[in-house]
Amino acid sequence: MKSKENLRQELKQMDHRGYPAYKSLRGQYDFGDFVLSIDHVQGDPFASPSNLSVVIPMKRAGFPEQYWKEEFARVALEDCLLRKFSDGLSKSSFKAKGSGKSGLIGTSRPGQEILHRSAMVIAKNMLTARFEVGFPANGRTINARELEKVLFDFLPPVVMQSLYYRNWKKEVLQKNYELSVDQHYIREELPKRKLVAFLGEGSILPRMSGVSSKPLRGAVPLSVPESLRVELKLPCHGKMTGMGIPEGVTLIIGGGYHGKSTLLQALEQGVYNHIAGDGREYAITEDSALKLRAEDGRSVQNLDLSLFIHNLPNGKDTKKFSTEDASGSTSQAAAVMEGVEMGSCTFLIDEDTSATNFLVRDEFMQKIVHGDKEPITPFCARVRDLYEKAGISTVLVAGSSGAFFHMADTVIQMDSYRPLDVKEKVDRYLEEYPLPAFEAEEFSLPQTERAFWGSPARRDDRIKTKVMSTDGFSINHNTVDLRYLEQLVDSEQTAALAGMMKYYMTKVSGPATVKRLAEMLARQMKQGGLEAFMDGYAYCGMAEPRLQEIYAMLNRSRKHV
C-alpha cells in the first residue's frame with residue numbers, strides 16, 4: 001500500500017498531462033486515520049465521476065460494539081453515518097475548479113427511510129464509505145492541484161467529523177440506536193399479538209406533497225380508537241400506546257379527502273423503518289406486506305390464475321397463463337397469486353388503483369351477465385378464504401362498494417384524519433343489505449413452482465443497464481417496468497434490482513424457478529452484500545430491496561430479457 005505522500009507526488013508529476021494519465025492513480029493510499037482507495041477512474045472529465053472509498057477499522061473508528069453488532073442496529077448506524085458524511089461532502093462539492101464534472105464530490109443522499117446501502121457498509125469489523133469525485137481538468141488536461149485540494153484539504157475533515165465516534169455528539173448516536181431497538185421490538189411483537197401493523201399514537205401520517213415524503217406541517221396527529229388501542233412497553237422509549245391493525249380482513253372507509261389513502265400509504269411504507277422526526281418512526285407494518293394494484297399492459301408468465309380467472313371464451317388455459325399485455329383485472333389477479341407464491345402475509349389494496357370488476361360484482365350485474373358467462377371470480381369471493389385457509393390478511397380501502405362489509409373483521413372509518421372503529425355500526429346494517437351469492441369454485445392454491453423464462457447471457461456478452469429512477473430499468477435496451485411497485489421507494493433499490501438481473505444473466509447457469517431464483521438473489525445479497533451485484537468496481541449507488549421487490553422484478557421481466 002502506498003502512502004498519502006506517494007499520492008501527492010504522483011499528482012504533481014501528472015499535472016498538465018492528458019486526462020488518461022489519471023488512470024495510474026488507481027490503488028490504495030494510507031492517510032494514517034483512514035485508507036483512501038481509488039477504485040475506478042473516469043475516462044473523461046465529462047463522464048460519470050470517479051469512484052473512491054474510505055476504509056477504517058471499526059476498532060479505530062471507535063463506535064461502541066452494541067451500535068453495530070446486530071443487523072438492525074448496524075443498518076441504523078450506517079444510515080446515520082451516511083447522512084452526516086453526505087452532508088459534509090456536499091459542502092465541498094464543486095469548490096475545485098475545472099471542466100465538466102470537475103470538483104464534484106458526493107455520495108448517496110438517503111430519504112426518510114432507513115435502508116442498507118452500498119455507500120456506507122460495516123462488515124468484517126471494517127467501515128467502508130463510498131463516494132464519487134469528478135477528477136478536475138482544464139478541457140481534457142489534468143488539473144492535479146485542484147484534485148489535491150479535494151483529497152487532502154476537503155476530504156479528511158469530513159471523514160474525521162462523520163466517521164470517528166469521538167467527534168460525534170454521543171446523545172445523537174445513542175438516540176439513533178435506541179430508536180432502532182424500539183422499532184425492532186415492535187416488529188417482533190406484531191406476530192405475537194396477531195397484528196399486521198402498529199401505528200404509534202400521535203404519529204404524523206400525511207406527507208408534504210406527492211414529490212416530498214417529509215411530514216406535512218400542521219397535520220392532524222394520529223388518534224387511537226379505544227377498541228383498537230394497543231399498549232407496548234418498548235425497551236428504550238418505555239410505555240407507548242398506538243393503533244393495532246389486527247390480522248384478518250380490515251376495511252378502511254370514509255369520505256373523500258378524509259385520510260383513507262393516507263393511512264394505507266403509511267401501512268405500505270411501514271415495511272421500512274423511518275428516521276426520527278419523520279412522523280412515522282413508530283408506524284410499523286409486518287415485513288412481507290405487499291401493495292396490490294391493477295397494472296394494464298404488464299407481462300404475466302406461466303402463472304396459475306384459476307383461483308380468479310377461468311372458463312375463458314377462447315379456451316385458453318388459466319392454470320398456466322401467459323400474456324405480454326395483461327388487462328387491469330388480469331394483472332391484479334396475477335399480483336395476488338404472485339404474492340401468495342412469494343409468501344406475503346398481508347395484502348394492501350386501494351379501491352382507487354384497482355380494477356373494479358376484479359374486486360366485486362354486484363347482484364344486478366350477476367342478473368344480467370350470468371356466472372357461466374363471466375370468467376372472473378371477484379376478490380370479494382376469495383378474501384375470507386385467503387385469510388382462513390392461507391393465512392393472508394387483507395387491508396382494503398373502499399369508498400364506493402359496501403360488499404366488503406360482509407367480509408371484514410375490522411372496519412376503520414377515517415373522519416378528518418381521525419380513525420374510528422365502526423364495526424358494531426356496520427354489523428347492525430348487514431341484514432338489511434345482504435351480500436349476493438357468488439359462484440366460486442373450491443378454494444385451492446397452486447402447488448407447482450414456475451420455471452423462470454429469462455435466458456442467461458453468454459459469458460462474453462457485454463450487458464448494459466440503465467436505471468430510470470423508481471420507474472424501472474433497461475438491460476440491453478429491454479425495459480423492466482417497475483412503475484407500479486409503490487413500495488419501491490429509492491432509485492438505488494432499482495439499481496440493485498438491475499444489478500441482480502445482470503448477475504443472473506452472467507453468473508447463474510442452468511434453469512431456475514422464480515421462487516428459487518428470488519431466494520438465491522436475496523441470500524447472495526445477505527451473504528455477499530450489495531457488492532455482489534456491482535460492475536467490478538466499488539461505487540455508492542445501491543440500496544437493499546425486499547424479497548417482495550426481487551420477486552416483482554422477476555415477474556415483470558419479459559421473455560426477451
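Student: At roughly what angle do the axes of α7 and helix α14 (residues 547-555) cross?

Tutor: This is a predicted model, in which local features need pLDDT of at least 70 and side-chain atom pairs count only at pLDDT 80 or more, while totals for chains, interfaces and linings use all residues. Residues are numbered from 1 along each chain as its sequence is written, and side-chain values use heavy atoms, with hydrogens and water left out. Helices (H or I, at least four residues) and strands (E, at least two) are DSSP runs numbered from the N terminus, and axes are lines fitted to C-alpha atoms, for helices over the stretch in contact, with angles from 0 to 180 degrees between N-to-C directions. The axes of α7 and α14 come within 10 Å, and they cross at roughly 130 degrees.

Student: How is α7 classed relative to α14, parallel or oblique?

Tutor: The two axes cross at roughly 130 degrees. Angles under 35 degrees count as roughly parallel, over 145 as roughly antiparallel, 65 to 115 as roughly perpendicular and the rest as oblique. The crossing angle therefore makes the relation of α7 to α14 oblique.

Student: How do the residues of the contact of α7 with α14 divide among nonpolar, polar and charged?

Tutor: The crossing of α7 and α14 is right-handed (the near helix is turned clockwise from the far one by less than a right angle; anticlockwise would be left-handed). Contact means heavy atoms within 4.5 Å, and E338, E341 and M342 of α7 make it with L547, Q548, Y551 and N555 of α14. Ala, Val, Leu, Ile, Met, Phe, Trp, Tyr, Cys and Pro count as nonpolar, Asp, Glu, Lys and Arg as charged, and the others, Gly among them, as polar. On this scheme the contact of α7 with α14 has three nonpolar, two polar and two charged residues.

Student: Which strands does helix α7 (residues 328-342) lie across?

Tutor: An open sheet of six strands, with mixed pairing, has the order β17-β20-β21-β15-β22-β23, where two strands pair if DSSP finds at least two bridges between them. Its edge strands, each pairing on one side only, are β17 (290-292) and β23 (418-421), and neighbouring strands are turned by 20 degrees against each other on average, direction ignored. Helix α7 runs at about 165 degrees to β17, and the strands that α7 lies across are β17 and β20.

Student: In β20, which residue is the bridge partner of K291?

Tutor: β17 and strand β20 (residues 346-350) run parallel and are joined by three bridges. Within β20, the partner of K291 is L348.

Student: Which residue in β16 does A197 stand opposite?

Tutor: Four strands with antiparallel pairing form an open sheet in the order β13-β14-β10-β16. Its edges are β13 (229-234) and β16 (283-285), each pairing on one side only, and from one strand to the next the twist averages 30 degrees. Strand β10 (residues 195-200) is joined to β16 by three bridges, the two running antiparallel. In β16, the residue opposite A197 is T285.

Student: At about what angle to β10 does helix α6 (residues 260-269) run?

Tutor: Helix α6 lies across three strands, β10, β14 (238-246) and β16. Relative to β10, the helix runs at about 110 degrees.

Student: How many charged residues are in the contact of α3 with α5?

Tutor: Helix α3 (residues 71-90) and helix α5 (residues 170-192) pack at about 140 degrees, their axes 9 Å apart, and are therefore oblique to each other. Their crossing is right-handed, and the contact joins F72, A73, A76, L77 and C80 of α3 to L173, N176, Y177, S180, V181 and H184 of α5. By class, eight of these residues are nonpolar and three polar, while the number of charged residues is none: no charged.

Student: Are α3 and α4 roughly parallel or roughly antiparallel to each other?

Tutor: The axes of α3 and helix α4 (residues 144-163) come within 9 Å, and L81, K84, F85, G88 and L89 in α3 meet L155, V158, V159, Q161, S162 and L163 in α4. Their axes cross at roughly 155 degrees. The two helices are therefore roughly antiparallel.
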